[in-house]
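Work through the exercises below with the model open. Try each task before reading its solution.

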Amino acid sequence: MTDLWIGTSWKMNKTLDEARAWTTGLVDALGDSAPAGIQPFVIPSFTATTTVRALLGQDSPVLLGVQNAHWEDAGAWTGEVSVPQAKDAGAQLVEIGHSERREHFGETVETTRLKVAAALRHGLTPLLCIGEDAQVKAEGGSSAFILEQAAGALDGLDAAELSRVVIAYEPIWAIGEKGRPATVEELREPFAALAEAYGDRVAGLLYGGSVNLDNAADLLGIEHVTGLFVGRTAWKLEDYLELLRIAEAHRAG
Ligand code: 13P
C-alpha cells in the first residue's frame, strides 16, 4: 500500500522564529519516525529551508521541499532559485505549478514541464499542482482541464521518472480564504480521471484546498486519494499533528 502523503506549504508565511517553533514541535512530537504508512512533508519559504533542514536532521521521516525552482541549473536569472541550490539547502521535494504561481507569476504548462524535468534530473521529487478555476468547473470541464495540465507537465517522462512524481489536485475555487472546500461528491470524478491516467504510475495523488480537521477524514476516504496538501490548517502545528493522527486512524482502518 502506498503511503498517505500529509503535508503543508507555508506559502509566504513564517519568520525564522516561527519556522523554528513549528519544526521543533514537530520533531519533538514525531521523534525518529513518522506514523506507520504516513509520509509527512513541509514546504517552507526559501529563507527557512536550511533552518528547517537543520532542525529536522539529515535522516528525518519528514520530507522537506521548496515552493518553486527554476528549470536551469544556474545562470543570469535574478530572483530565482535553481534545483541544485534547493537541493544544496536540504530540499527533497520541489512544488511546481501551484495555481498562485500560474496566476501571479506567469507559470505555464511549458514551464511546469521544464521544472518537473529539472527536479527529476537532480533526484528531487516533483510535486505537481494542477487545478481548474470556477468557470471551467461550471462548464463541466474540470477533468479534461486537469488532465491537460498534467499531460503537458509530464510529457516525455518514462515509467521510472513518472513513478517519482506526486500530483496534487487543487481546484482553484477550493483554495485559500476565498475558497470553499470541495465536497467528496465533487472530487470523485476528477480523481477517477486522474487515477485512470496516472493511478499506480505516480507516487501519489493528493487533494488540496481548504482541508481542515472536520473534512480531512472524509477527503482521505475518496477512492484514489493518497494524501492531502494543506495550507492554512497545517500552519498551526497542533492542527498539523491532528491531521497526521486523522491520517493514521484512516490508514489503520
Ligand atoms: P488552503 O489549505 O489554505 O486552502 O491552501 C491549500 C493550498 O494551496 C496548498 O498548496
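**Exercise 1: the ligand site**

A backbone N or O atom of G176 lies 2.8 Å from an oxygen atom of the ligand. The model is predicted: local features need pLDDT of at least 70, side-chain atom pairs count only at pLDDT 80 or more, and totals for chains, interfaces and linings use all residues. Residues are numbered from 1 along each chain as its sequence is written, and side-chain values use heavy atoms, with hydrogens and water left out.

Task: find which side chains place an N or O atom by a ligand oxygen, then describe the shell.

Solution.
- Step 1. Use the polar-contact cut-off: a pair of N or O atoms within 3.5 Å; within protein, one must be able to donate a hydrogen and the other to accept it, and residues adjacent in sequence count only if both atoms are side-chain atoms.
- Step 2. Take R232. A polar atom of its side chain is 2.6 Å from a ligand oxygen.
- Step 3. Take E170. A side-chain N or O atom there is 3.1 Å from an oxygen of the ligand.
- Step 4. Check the cover. The ligand alone exposes 300 Å², and the protein buries 99% of that (Shrake-Rupley method, 1.4 Å probe; for residues, only the protein chains shown count as cover).
- Step 5. List the residues around the ligand, each with a heavy atom within 4 Å of it. They are K11, H98, E170, I175, G176, G209, S210, F229, V230, G231 and R232.
- Step 6. Sort the shell: three nonpolar, five polar and three charged residues. Here Ala, Val, Leu, Ile, Met, Phe, Trp, Tyr, Cys and Pro count as nonpolar, Asp, Glu, Lys and Arg as charged, and the others, Gly among them, as polar.

**Exercise 2: two shell residues in loops**

Task: state the phi of K11 and of S210, and place both residues.

Solution.
- Step 1. K11 sits in the loop between β1 and α1. Its phi is near 50°, positive although the residue is not glycine.
- Step 2. S210 belongs to the loop between β7 (204–208) and α10. Its phi, near 55°, is also a positive value in a residue other than glycine.
- Step 3. S210 is buried, because its relative accessibility is 13% (buried is under 20% relative accessible area, exposed over 50%, partly exposed in between; 1.4 Å probe, protein chains only).

**Exercise 3: helix α12**

Task: compare the span of α12 with the expected value, then trace its packing.

Solution.
- Step 1. Helices (H or I, at least four residues) and strands (E, at least two) are DSSP runs, numbered from the N terminus.
- Step 2. Expected span is 1.5 Å times one less than the number of residues. For the 16 residues of α12 (237–252) that gives 22 Å, and the end C-alpha atoms are 22 Å apart, so the two agree.
- Step 3. Its buried residues are L237, D239, Y240, L241, L243, L244, I246 and A247.
- Step 4. They pack against β1 (4–9), α1 (16–30), β2 (38–43), α10 (216–220), β8 (227–230) and α11 (232–235). Contact means heavy atoms within 4.5 Å.
- Step 5. G253, just after α12, has a positive phi of about 80°.

**Exercise 4: the loop before α12**

Task: is K236 buried or partly exposed, and what separates its C-alpha from that of W22?

Solution.
- Step 1. K236 lies in the loop between α11 and α12.
- Step 2. It counts as partly exposed because its relative accessibility is 47%.
- Step 3. K236 and W22 are 214 residues apart along the chain, yet their C-alpha atoms are separated by 7.6 Å.

Key. A residue is near a molecule or strand if one of its heavy atoms lies within 4 Å of it.
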